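Let's take a walk through this model and see what surrounds its ligand. Have the sequence and the 3D view handy.

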Amino acid sequence: MSQINEQIVLDTLKGVVDPNRGKSIVDLGMVTGVVIKDGNVGFAIEVEAARGAEMEPLRKEAEAIVHRLDGVVSVTAVLTAERPQSAGAPSAGAPSPGASSPGASSPSAPASGRPAQQQGGAGQQAMVPGVRTIIAIASGKGGVGKSTTAVNLSLALSRLDLQVGLLDADIYGPSQPRMMGISGRPNSPDGKTLTPMENYGIKCMSMGFLVAEDTPMIWRGPMVQSALQQMLRDVAWGELDVLVVDMPPGTGDAQLTMAQQVPLSGAVIVSTPQDIALLDARKGLNMFRKVDVPVLGIIENMSVFVCPSCGHESHIFSHGGAKREADKLGMEFLGEIPLHMEIRETSDSGQPVVVSRPDSPHAGVYVAIAERIKQKLFAASSDSPRRAPSIVMQ
Ligand code: ADP
């Protein structure tokens, strides 16, 4: 069996001709971001936003022709649209109509050719209609409890009478479906927008809903971006006060690009006491500074170990480091969440502690942090958040 490589893919794609321009999509420079992993091939086809819907057959043709190659297991081609010049990010910005996900069981993703709304603020990213604020929950590395924190904070914000959505952008290891106790797939009644899944009063969207668990995660670069763009803009979020985005762990290029492409009102950094010592939190702060996103503060997770039988508190990883580091960096210290079996068991079984044990001290910690976040997000407006004017989607 021949070894598939980028050149073979590109040579093959020369057989796909853009009917309007009479040349191959390769010669027209429309193919970008070819990735190949274990026979799984992915690439993006850049199109003009206005031509999105009409390019769907071409996308399908490109997938089919590559799929016929020896050694190819799966093919994912996504359409990405260049943003208008004023939109800030240099590439692959607008929603990608008709992009598909690997895995035969994936629903066809929505198509849309609507123009991006522009936000007046710093990043000039396209706004998400009806969504008042978007916050990122980020971490310097995986396994620090970022997703657990994102879920419980979302639920805590919802307890504060806010309309909350949760977007699982951790496309490398989506865990929100499990933590939110949601299974199944989102519908697309109009064939354009996906209806988000919902539980505990929170609207959720995750790559985990669209992609079978055993599907290799081969998105990188532009493909990651377009998947995120779709989950932001081609989902009927409705009216939200806060959309919480669970970012992929780390502070590399992919995360930076995401931070740049999402119109974030602020970011929260989750860290364990060890990471704080290793300066991971500082990297997170620097990443958001680069893209002019205000860091709302830092949360120390797995801060103190509380013995489930006797309630004794042990500071396994030392204590107080996060607060000191936050002070040093001029970041607010939002609070500390203990390392406790109940937090792990409840989130891993789809019944996060904030809803399953609403009166527990753990739930209290999340709610107190959520109160502070709410205050910081809406301080400039009134106490009860006003809704953004709704924009009718075509
Ligand atoms: P990340 O999103 O940073 O990769 P997760 O939120 O998936 O991390 O958490 C990793 C594991 O740690 C999960 O099993 C989760 O239930 C557990 N966990 C997270 N925070 C806590 C905590 N405060 N106490 C106990 N277990 C926790």
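In which sense do β14 and β16 pair, and over how many bridges? They pair in the parallel sense, over 5 bridges; two strands pair if DSSP finds at least two bridges between them. Strands here are DSSP runs of E with at least two residues, helices are runs of H or I with at least four, and both are numbered from the N terminus. One bridge joins N301 to its partner in β16, I337. As for β16, 5 of its 7 residues are buried (under 20% relative accessible area, 1.4 Å probe, protein chains only), so this strand is largely enclosed by the rest of the structure.

Before we go on, a word on the ground rules. This is a predicted model, where local features need pLDDT of at least 70 and side-chain atom pairs count only at pLDDT 80 or more, while totals for chains, interfaces and linings use all residues. Residues are numbered from 1 along each chain as its sequence is written, and side-chain values use heavy atoms, with hydrogens and water left out.

Now for the ligand. N301 turns up again here: an N or O atom in its side chain is 2.9 Å from a ligand nitrogen. With D348, a side-chain N or O atom sits 2.8 Å from an oxygen atom of the ligand. Two or more residues of the surrounding shell come from each of α3 (146–159), β14 (295–306), β16 (333–339) and α11 (341–348). The largest share, 4 residues, is from α11.

How values were computed:
Polar contact = N/O pair within 3.5 Å; in protein donor to acceptor, adjacent residues only side chain to side chain. Buried < 20%, exposed > 50% of the residue type's maximum accessible area, 1.4 Å probe, protein only.
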